[in-house]
Amino acid sequence: MLVLLQASAAVQHTYEIYSGSNFDISSFVNVERVDTNIRELRRGRAAGPDGLCAEHLQFSHPILCVLLSFLVRLMLFYSYVPDAFGVGMIIPLLKGDNCDSTVADNYRAITISPCISKVFEMCLHDGFCQWLDTDELQFGFKKGKGCRDAIFTLRGIVNNIHNNGSTAVICALDVSKAFDKMNHCASYLKLMARDIPKCFLDVIINWYSKCFAYVRWGSFVSNQFQIWSGVRQGGVLSPCLFAVFIDSIISKLRAAGHGAYIGKFDFDCLLYADDILMVSHSITAMQTMLNICSLEAEHLDFTFNTAKSVALRTGPRYRHACAQLSLSGTKITYVDQFKYLGLC
């Protein structure tokens with residue numbers, strides 16, 4: 001029986017009575033699908049902890065695809081992934097060429113996962129994508145959508161507010177270490193709320209119960225340590241799982257109905273991964289939306305970085321003095337401009 005690590009009694013109870021949607025594992029994946037996913041792996045990437053890279057799989061004997069298709073079905077049937085699938089190799093990289101290499105904050109970490117585990121994740125995504133779909137206002141992690149779509153949508157919303165003679169209120173919220181602090185149990189609850197097949201849920205629980213990593217610095221490696229929260233960096237499914245985890249912010253704001261409207265369509269907030277941008281026509285409505293975000297953050301066990309979260313007003317009365325906005329009990333700063341997805 002699977003044990004939900006660090007789970008509350010409520011989560012345990014929900015899991016014990018959960019059945020999920022029906023799913024036919026026997027027809028889940030075939031040799032052609034595995035072969036397609038292997039060919040989609042990017043070449044020229046560093047080898048994983050097992051020493052394998054995409055080229056090893058792509059130029060191997062065709063029988064490998066047959067064996068891997070059996071392996072994928074067996075892992076899903078028994079709700080078990082190999083321990084090696086949970087091991088990641090962390091490599092610290094300087095954020096820029098001119099950064100001081102003696103300052104720890106100047107480094108960003110990338111994690112390299114086993115190549116075969118990526119193929120397995122790609123197969124899972126193909127089979128369960130209908131349960132992992134998120135709101136259309138989430139522009140990150142979606143094929144055919146990107147930064148340009150989010151920026152175009154934002155401009156359309158703001159122009160519509162201006163054309164109606166109102167002043168637009170925009171808040172850009174920063175989530176503290178969003179991907180690293182995602183609560184696993186909260187993520188499982190989100191998946192169960194979508195009635196996702198139990199076989200998928202069990203595989204994810206098993207996988208995240210054995211997440212370990214070690215740091216490689218030159219020719220030196222550290223001891224392994226277990227990771228208790230956050231998505232698996234470098235994992236193919238990680239962006240989808242995070243998008244599902246944070247999707248409730250959009251649904252809660254939609255239900256409240258305090259955001260901007262264009263005709264009958266509401267555009268309360270725009271999400272690109274963990275970048276949250278909210279737009280409204282008044283300060284009062286924006287404060288209500290901020291309160292909703294604060295409560296949802298508490299419910300999901302993550303925090304906002306209020307020092308990096310800012311507010312901006314644009315329109316005919318943008319210079320007029322107005323009430324202070326607050327997020328999670330802390331006042332946020334009004335600015336004249338800020339960067340959104342790399343653009344001012």
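This report walks through the cores, sheets, largest pocket and a few individual residues of a predicted model.

## Ground rules

Residues are numbered from 1 along each chain as its sequence is written, and side-chain values use heavy atoms, with hydrogens and water left out. Because the model is predicted, local features need pLDDT of at least 70 and side-chain atom pairs count only at pLDDT 80 or more, while totals for chains, interfaces and linings use all residues.

Helices (H or I, at least four residues) and strands (E, at least two) are DSSP runs, numbered from the N terminus.

## The nonpolar cores

Let's start inside. A nonpolar core here is a set of buried Ala, Val, Leu, Ile, Met, Phe, Trp, Tyr and Cys residues joined through side-chain atoms within 4.5 Å. Buried means under 20% relative accessible area, exposed means over 50%, and partly exposed is in between (1.4 Å probe, protein chains only). The largest core has 95 residues, and Leu-124 and Met-278 have the most contacts inside it. Helix α9 (residues 238–256) gives the most to this core, chipping in 9 residues. Apart from it lies another core of 5 residues, including Met-89, Ile-91, Ile-112 and Tyr-214.

What does Leu-124 touch, leaving aside its neighbours within four places in sequence? With contact meaning heavy atoms within 4.5 Å, Leu-124 meets Phe-28, Leu-76, Phe-200, Val-203, Trp-207 and Leu-237.

## A five-stranded open sheet

One open sheet has 5 strands in the order β9-β10-β3-β11-β14, with mixed pairing. The edges belong to β9 (269–272) and β14 (333–334); each has a single partner strand, so one side of each is left without a neighbour in the sheet. Two strands count as paired if DSSP finds at least two bridges between them.

Strand β3 (residues 168–173) pairs with strand β11 (residues 310–314) in the antiparallel sense over 5 bridges. In that pairing, Cys-171 stands opposite Ala-311 in β11. Helix α9 turns up again here, lying across β9 and β10 (275–280) and running at about 170° to β9. For that angle, axes are lines fitted to C-alpha atoms, for helices over the stretch in contact, and angles run from 0 to 180 degrees between N-to-C directions.

## β4 and its partners

Strand β4 (residues 212–217) runs parallel to β1, joined by 4 bridges, with Ile-90 opposite Val-215 in β4. β4 also pairs with strand β6 (residues 225–226) in the antiparallel sense over 2 bridges, where Ala-213 has Phe-225 as its bridge partner.

Strand β5 (residues 220–221) pairs with β4 in the antiparallel sense, over 2 bridges; the bridge partner of Arg-216 there is Val-221. β4 and β5 form a hairpin with 2 residues between them, and Gly-218 in the turn has a positive phi of about 65°.

## The largest pocket

The largest pocket has a volume of about 1,300 Å³. On a 1 Å grid over the protein atoms alone, a pocket is an open set of points where a 1.4 Å probe fits, with protein on both sides within 12 Å along at least five of seven lines; lining residues have an atom within 4 Å of a point. Grid points are joined across faces, edges and corners, and the volume is the space filled by probe spheres set on the points.

There are 35 lining residues, with Arg-42, Met-122, Gly-235, Val-236 and Pro-239 nearest the centre. β2 (107–112), α5 (115–128) and α9 each supply at least two residues of the lining. The largest share, 5 residues, comes from α5.

## Three residues to look at

Most residues other than glycine have a negative phi. Ser-79 has a positive one, near 55°. Ser-79 is in the loop between α4 (63–78) and β1 (87–94) and is buried, at 14% relative accessible area. Not counting neighbours within four places in sequence, Ser-79 is in contact with Cys-199, Asp-202, Val-203 and Asn-206. Ser-328 also has a positive phi, near 55°. Ser-328 is in the loop between β12 (326–327) and β13 (330–331), and is partly exposed at 44%.

Is Lys-190 buried or exposed? Lys-190, in helix α7 (residues 184–193), is buried, with a relative accessible area of 17%. Beyond residues up to four places away in sequence, Lys-190 touches Val-244, Phe-245, Ser-248, Glu-296 and Leu-300. The C-alpha atoms of Lys-190 and Val-244 are separated by 6.9 Å, although these residues are 54 residues apart along the chain.
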